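Trainee: Could you take me through one part of this model up close? I'd like to see who sits next to whom.

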Amino acid sequence: MKVAGEYTFDGPRDVVWEMLLDPDVLARVLPGAEKLEQVGENEYEGQLKIKVGPVQGDFQGKVRLEDIMPPDSYTMHVDGKGAAGFVKATGRLKLTPQDDRTVMTYDADAQVGGRLASVGQRLVDSAARAIIAQSLEGLNAAVKAEVAAQATLPTAGATRSEPSPPVEPEYRKPSQTQFAATVAKEVAKDLLPPNLRRALIAIIIVMVLVLIWILMT
Amino acid sequence: MIPGSFDYHSPATVDDAVALLDRLGGEGKVLAGGHSLVPAMRFRLASPAALIDINGIAGLSYIRVQNDQLVIGAVTREAEVERSQLVHQKFGALADASRVIADPLVRNRGTVGGNLAHADPANDHPAVMLAYGAEVVAKGPGGTRVIPIDEFFVGLFESALAANELLVEVRVPLPGAGQASAYQKLERKVGDYAISAVAANITMAGDVCSAVRIALTNVSPVPMRARQAEGALVGRRIDESTLEAAGRAAAAECDPSPDLRGSIEYKRDITRVLLGRAVRRAIARATGGAA
């Protein structure tokens, strides 16, 4: 199926371009991706968790960027495989500056197969649009944060090469708690009957968070 | 396939159900009729950690008039709505919809509350309730709140209900003088989801439309009102040309996705035709004509 559209980011083109090449930002854009690991030049891998209402699918995702023409456009290949089906998509992204904002036009060709596609056929198109909208809003939030961060720095051009620190903690906090909660739930499920689970989960969450805090300081 | 494993709870009261939802925090799904949820679980597309079965809660299944409103309990089966004389006499769109929701077997179990809470744009009640300007009553740990239907459908499968809220009642305003409604649905075969469907709720003053609400089924990711079509009708004398203009407006403002039921152009055109039929039928009922 074809998915095409346009989205306006609240930031200048070079900021948006940098973010679109940054794997940590791409991890935010791709739904439910906690982290993308680099496995080659401009090639990344990670777990994608796609959730639309009650339906949830976990996919092993590979992202590859090609035909990179800074600061203008690139082609993104996404390959996701999971128990619920597979997704293969190729999209061309193009950035056009518009005053201090950036208009991104995207044109993608996607194939969805497996159980998701056969059982959920009527929803594939709407779900794709909903997921893309979620991702773009997440990316726009990151762009706005980066622009705000750059505006408060005394020296110009200081942070172009890395994602700026103010953005990171905001992203990490919810995921640490979520991660701790997931760990806790899995451990508790294996160990205990339901009525004691809640207490054990709470204790484990606190322990994991303390551990993370210790490791980080 | 069979569902993955889950915890099962069967609370006896609404408060118990809400307490469970609050404790499970999004990991629990409410089980009412189960005819949207269980198939998804069977295909392992949905894997809630826990099911909260509300079928055992007494006092959630009723259809009656209260304070100038038709109030319907959340666990009222579609078959009960289909059999209700009260609905049949005054709520044309609701009566029409109750006959075309899925098939009789599903209607014996499926509930009005579930049909709305699932927030599937292909379900029939969302458009009908949007056309009625209904209200949804939700009970949460903090108490009860009333959600106007225009604010209820937020996204694809996403309603305004919080993860710890239970939909307990739907309230539909009683029709006034000269007001009637109709629901027209086109489906490929009995029991199918709509290719497109239109719910129209119109108030006539002579042959002029004084008020109208129109909503569409399965031609947008979120159940929608056809506001452009409404604008083409309200305050005007209704004749073939106004109906045609309203139909074209609805066709243009909807946002169908192509699938096995049809292409975008086909679904738009069916919407145009169904709008004309639904409005004509509603007007006939409003002016005391055919049912």
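Mentor: Let's go through the sheets of one chain and their surroundings.

First, the ground rules: this is a predicted model, where local features need pLDDT of at least 70 and side-chain atom pairs count only at pLDDT 80 or more, while totals for chains, interfaces and linings use all residues. Residues are numbered from 1 along each chain as its sequence is written, chains are lettered from A and ligands numbered from 1 in the order in which they are written.

Chain B splits into domain 1 (7–53), domain 2 (63–173) and domain 3 (188–286), with bounds taken from an automatic or database domain assignment. Between the C-alpha centres of domain 1 and domain 3 of chain B there are 35 Å.

Start with the open sheet in chain B whose strands run in the order β11-β12-β13-β14, paired antiparallel. Strands here are DSSP runs of E with at least two residues, helices are runs of H or I with at least four, and both are numbered from the N terminus; two strands pair if DSSP finds at least two bridges between them. At the edges of this sheet, β11 (179–186) and β14 (224–225) of chain B each pair on one side only. Inside it, β12 (196–205) and β13 (208–217) of chain B share nine bridges, and Thr203(B) faces Ala211(B) in β13(B).

Packed on this sheet you'll find helix α8 (125–132) of chain B, touching β11, β12, β13 and β14 of chain B and running at about 15° to β12(B). Touching means C-beta atoms, placed from the backbone, within 7 Å; angles run from 0 to 180 degrees between N-to-C directions, along lines fitted to C-alpha atoms, for helices over the stretch in contact.

Helix α8(B) has a helix partner as well: α5 (92–100) of chain B packs against α8(B) at about 180°, with the axes 10 Å apart. That makes the pair roughly antiparallel, the word for angles over 145 degrees. Ala93(B), Leu94(B) and Ala97(B) of α5(B) meet His125(B), Val128(B) and Ala131(B) of α8(B). By class, that contact has five nonpolar, one polar and no charged residues; Ala, Val, Leu, Ile, Met, Phe, Trp, Tyr, Cys and Pro count as nonpolar, Asp, Glu, Lys and Arg as charged, and the others, Gly among them, as polar.

In the loop between α7 (112–117) and α8 of chain B sits Ala119(B). Its phi is near 55°, positive despite not being glycine. Ala119(B) is buried, with 23 C-beta neighbours inside 10 Å; 20 or more others count as buried, 12 or fewer as exposed, anything between as partly exposed, with C-beta atoms placed from the backbone.

Now the other sheet: β4-β5-β10-β6-β7 of chain B, again open and antiparallel. Its edges are β4 (63–66) and β7 (143–148) of chain B, each with a single partner, so one side of each has no neighbour in the sheet. On average, neighbouring strands are turned by 25° against each other, direction ignored. Five bridges link β6 (135–140) of chain B to β10(B), where Glu135(B) stands opposite Arg171(B). Helix α1 (14–24) of chain B packs here, touching β6 and β10 of chain B at about 120° to β10(B).

Last stop: Ala160(B), in the loop between β9 (158–159) and β10 (166–173) of chain B. With 17 C-beta neighbours inside 10 Å, Ala160(B) is partly exposed. Leaving out residues up to four places away in sequence, Ala160(B) touches Ile147(B), Glu151(B), Phe152(B) and Val154(B).

Methods
Contact = placed C-beta atoms within 7 Å. Parallel < 35°, antiparallel > 145°, perpendicular 65-115°, else oblique.
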